[in-house]
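Welcome! Grab a pencil, look over the structure, and try each exercise before you read its solution.

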Amino acid sequence: MNILIGTLVLWGLALWMLRKMQGQDAADRTAMWARSKATVIFMLPRILVGLLGAGFLAVLLPVDQIEQNFGTESGLMGITLATIFGLITPGGPFVAYAIGAAAMKAGATLAPLMAYVTAWSIVNLNRSIAYELPLMGRHFLLLRTILSVPVPMVLGLLVWAFQ
Amino acid sequence: MATEKPLPGSTTPKKLIDGSLIFITLVAVVAGIAVYVTHGAGAFWDVVARETLFTGALVPKIVAGVIMASALPFLVSKERIQALVGPESGMRGLIIATLAGAIVPGGPSVTYPLTVSLLAAGADLGAGIALVSGWVLLGLNRTLIWEFSFLPADFVLLRVALSLPVPILLGWATRKLYQGRDV
């Protein structure tokens with residue numbers, strides 16, 4: 001359902017931009033369609049292969065282990081573990097939220113939860129393999145990952161310090 | 001200086017088979033074999049069917065996103081994009097990129113092509129990093145639809161508040177790192 005609404009909103013925007021393109025040169029429109037076609041041909045095999053790889057990895061990764069172990073440690077150790085768990089948690093748009101909610105019910109404190117959700121949001125294995133590496137390239141992915149990995153630790157420590 | 005390597009993400013992808021595709025293919029093949037061996041043929045084909053169907057369901061979204069990304073440089077001039085989010089756009093450019101990342105709907109199949117398109121049209125790498133970081137940390141769509149349904153509102157609000165400056169900081173750090181290098 002979410003994907004349908006999203007697709008409709010996007011098509012609304014795309015059609016609006018196409019209408020604006022009518023005011024441009026015919027050559028611009030031809031160039032735009034050529035670029036669109038090349039990009040779709042570039043993206044489709046990558047997204048299929050990336051999603052297959054991420055899907056297989058999700059089967060292999062011990063998600064139930066993450067659910068069991070997360071939040072049992074607190075302090076720096078707990079925040080570090082939660083960050084690592086967040087980075088490797090696979091799955092679609094809400095798996096990490098569900099795991100986080102379950103961990104909270106099981107007694108996880110706010111600081112590791114913050115580190116976990118932030119880590120999964122900012123860099124996750126699934127999105128890196130299925131989309132970011134093939135579409136943005138290795139340099140962009142590495143740069144963003146290196147800059148981003150400290151963030152969940154810092155946010156977790158901030159919450160821990162002020163709790 | 002023509003031989004200097006272009007900055008990451010600053011060119012439109014052209015090669016159909018490149019290192020990244022080979023790498024993700026290897027990951028898929030090795031992980032696929034591992035699933036087949038450890039979990040059996042049933043689990044293997046489950047993943048193949050599910051992800052193939054999902055890719056099929058993504059196609060209309062991908063096409064719409066790509067049309068937007070391709071049309072953008074024709075509708076907004078390079079000078080305008082450079083002024084908004086180019087190398088000289090300063091803190092304001094990073095804030096604009098972060099906000100754009102937070103509000104653009106459509107997920108990775110839209111945000112990444114849009115970022116590539118903006119980078120090719122005059123945005124700098126710092127703005128590109130701020131845009132992607134704004135999307136992953138503050139994306140309104142994911143936060144409103146999914147995060148609030150699973151996690152307590154005060155936790156989500158605290159996370160968003162703490163994350164607000166992060167994309168700007170990461171974009172700024174990128175600019176510092178690449179200072180002095182021509183785009």
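A residue is called buried when its relative accessible area is under 20%, exposed when it is over 50%, and partly exposed in between. Please keep in mind that this is a predicted model.

**Exercise 1.** Sort Arg50(B) and Glu51(B) into buried, partly exposed or exposed, and find what links them.

*Solution.*
- Step 1: Arg50(B) has a relative accessible area of 46%. This value falls between the two cut-offs, so Arg50(B) is partly exposed.
- Step 2: Glu51(B) has a relative accessible area of 11%. That is under 20%, so Glu51(B) is buried.
- Step 3: A salt bridge needs a side-chain nitrogen of Lys or Arg within 4 Å of a carboxyl oxygen of Asp or Glu. The closest N and O atoms of Arg50(B) and Glu51(B) are 3.4 Å apart, and the two residues form a salt bridge.

**Exercise 2.** Which parts of chain B does the pair Asp124(B) and Arg175(B) tie together?

*Solution.*
- Step 1: The two side chains meet in a salt bridge, at 2.8 Å from N to O.
- Step 2: Asp124(B) sits in the loop between helix 4 (108–120) and helix 5 (125–138) of chain B, while Arg175(B) belongs to helix 8 (residues 166–177) of chain B, so the bridge ties together parts that are 51 residues apart in sequence.
- Step 3: Asp124(B) is buried at 6% relative accessible area, and Arg175(B) is buried at 16%.

**Exercise 3.** Describe the pair Glu147(B) and Arg159(B) in the same way.

*Solution.*
- Step 1: Their side chains meet in a salt bridge of 2.6 Å, N to O.
- Step 2: Glu147(B) lies in helix 6 (residues 140–150) of chain B and Arg159(B) in helix 7 (residues 153–163) of chain B, twelve residues apart.
- Step 3: Glu147(B) counts as buried at 0% relative accessibility, and Arg159(B) counts as buried at 1%.

**Exercise 4.** Where is Lys61(B) found, and what does this residue touch?

*Solution.*
- Step 1: Lys61(B) is part of helix 1 (residues 19–75) of chain B.
- Step 2: Lys61(B) is buried but has no salt bridge, and Glu51(B), the nearest side chain of opposite charge, is 13 Å away.
- Step 3: Leaving aside residues up to four places away in sequence, the contacts of Lys61(B) include Ile3(A), Thr7(A) and Leu10(A), as well as Gly106(B), Ser109(B) and Val110(B).

Conventions
Residues numbered from 1 in each chain as written. Chains lettered and ligands numbered in written order. Predicted model: local features only at pLDDT ≥ 70, side-chain atom pairs only at ≥ 80, totals over all residues. Heavy atoms only, no water. Helix = DSSP H or I, 4+ residues; strand = E, 2+ residues; numbered from the N terminus. Buried < 20%, exposed > 50% of the residue type's maximum accessible area, 1.4 Å probe, protein only. Lys, Arg positive; Asp, Glu negative; His and termini not counted. Contact = heavy atoms within 4.5 Å.
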